[in-house]
Amino acid sequence: MTRMWGDQPYFGLDASFDPDWLLTEAQKELRAELIELCRTTLRPNAVEADKKNFYPRANVDALASLRLLGLIVPKQFGGRGENTVGAVMVAETIARYGCPSTALIYMMHTVAVAGLCYRAKGNAAIENLLSRLDDEALIGTASYTDPETGGHFWYPKMSGAKRTEAGWHVQKKAAWTTSSGYADWYISQTTSPDFAGDYSDLSVFLFMKDEVNGAPGKWEAMGMHGNQSGPVEIDTVVPFDRIVGWPGDGAASNDEAIDPLAMLMYAGSYNGLGLACIDVAKSHVTRKAHVQYARRVADYPTIQDSFGRAVMEGQASRLYAYALAKALDDATENGSWEIYYKDPKAMPRAKFAVWAFQAKFLSTRFSYEVSDKMLATCGGRGYMADLGLERLVRDSKAGWIMGPSNEITAQLIGKWALLGPDAVDWWNQRVDEPVMMNEIGKLDAEGKRRLIEKLQAGLMPQAAE
Ligand SMILES: Cc1cc2nc3c(=O)[nH]c(=O)nc-3n(C[C@H](O)[C@H](O)[C@H](O)COP(=O)(O)OP(=O)(O)OC[C@H]3O[C@@H](n4cnc5c(N)ncnc54)[C@H](O)[C@@H]3O)c2cc1C
């Protein structure tokens, strides 16, 4: 079936390239509605937000009009109760047909929503917020990355929380946060109230917009202009029900809610962005002709080869993401968050961690590389803003960098593959004894004596306790 773009056939890859057997009829209908919204609203706003460097709030409102802010929220809290396959499809569709910056805004929102859904039941503040997401178009974000630990977002060094009589006193510095200063609510992770040096002892909190200091309007970047990522500072006392879960629940929240959703929403968004590049480039090379040969650019075998490779790279990454999303759905009663209300210790999503990180790598590499290849196929026109490819090329680079960066991810997967999951050592807790002994062996007697003195000095306060 030909996909329509208004009253014209869609200018990009034909619908027969979509793995539609993975979607339900309802999901296909939702996609059709969303594509139309992209055509009329999201895409025109994407062009403007990119040019003028503004936050595409109108796109957020448009997503709320389709009740997409509560996409994965359980029906008992007023959401659509959509499964993971559906969430990946929505992210892909927004990025491909609409606006990559909005896709990233939506991704961070959905990740934050996942964190809330995981521990919603019985928490009045969370239940209330989830029930209002679409009616009031309340966009959220996940403020995790720490200024001192970079893309290792699970390592919040510049943070802390204390129990006071009035509630939780939370302090946090975040280096980058999508929708910084524009979001209506934030979730953020800190070390736990009783923190004693173990960085896996984390807690998650919910904040409303007037409780954080964002940095609206400060975002100047190569691409993703609408994303408006910026630093966030928090130093506030919030009511007791703003802790998401309980003190020390942060690592489980990462493993079960934040990471699986984040990696798959990356996958949806960046697969969509890569496809958007192919779509725009197709529209150009099938029209541009070289009269001397009576040939279009698309008729050159080398161009066909480029497109063939690009399409196959994209399909491999898409099928990977959808297959993983389906595996999560199969393991969670079709993407349910209610399973944790019956059994708070259930960890069915975390089992797929090693698969989830690969989805992030594959998709962001696809968009990073395919954007350059498509630029090359379009020649000089590709370089010019009016074709629309140049904006996508700039937008396509952020995913590679975003946490965990693809360097970190590749090393993580390699280490896991070679040495097993424990070797990953998320919070830098395992002592590498062979390396330590090797380094100590380099010291002469005086050096060893100084080291012993240093170690003893460090031990003294503990010994006195
Ligand atoms: C558009 C955009 C939106 C963002 N939105 C959010 C958000 O909403 N919330 C949020 O919490 N964060 C967000 N971030 C932050 C993002 O996820 C990363 O954490 C951040 O971009 C990492 O940047 P950094 O400068 O700290 O890099 P660093 O982590 O300092 O990395 C610098 C370089 O070192 C490499 N490197 C780092 N560690 C290793 C290692 N162990 N082995 C090998 N190489 C390594 C990296 O791959 C990279 O090449 C956003 C970033 C961008 C660009």
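This tour of a predicted model goes from a sheet to the ligand and then to the domains around the ligand.

**Stop 1: the sheet.** Select β4, β5 and β8. These three strands form an open sheet in the order β4-β5-β8, with antiparallel pairing. Residues 159-164 make up β4 and residues 230-238 make up β8; both strands stand at the edges with a single partner strand each, so one side of each has no neighbour in the sheet. Look along the sheet next: neighbouring strands are turned against each other by 10 degrees on average, direction ignored.

**Stop 2: one strand pair.** Hide β8 and keep β4 with β5, residues 167-177. The two strands pair in the antiparallel sense over six bridges. For one position to label, pick Gly 160, whose bridge partner in β5 is Gln 171.

**Stop 3: the ligand shell.** Keep β5 on display and add the ligand. Which element gives the most to the shell around the ligand? It is β5, with four residues. Now add β3 (140-143), α11 (398-401) and α12 (406-419); like β5, each of these supplies at least two residues of the shell.

**Stop 4: the nearest residues.** There are 25 residues around the ligand, and those that come nearest are Gly 150, Thr 178, Gly 403, Ser 405 and Glu 407. Colour the shell by class to see 12 nonpolar residues, 12 polar residues and one charged residue.

**Stop 5: the domains.** Zoom out and colour domain 1 (4-136 + 255-419) and domain 2 (140-244) separately. Why does the ligand lie between them? Both domains give residues to the shell around the ligand, which means that the ligand lies between the two.

Key. Residues are numbered from 1 along each chain as its sequence is written. This is a predicted model: local features need pLDDT of at least 70, side-chain atom pairs count only at pLDDT 80 or more; totals for chains, interfaces and linings use all residues. Two strands pair if DSSP finds at least two bridges between them. Axes are lines fitted to C-alpha atoms, for helices over the stretch in contact, and angles run from 0 to 180 degrees between N-to-C directions. A residue is near a molecule or strand if its C-beta atom, placed from the backbone, lies within 6 Å of it. Ala, Val, Leu, Ile, Met, Phe, Trp, Tyr, Cys and Pro count as nonpolar, Asp, Glu, Lys and Arg as charged, and the others, Gly among them, as polar. Domain bounds come from an automatic or database domain assignment.
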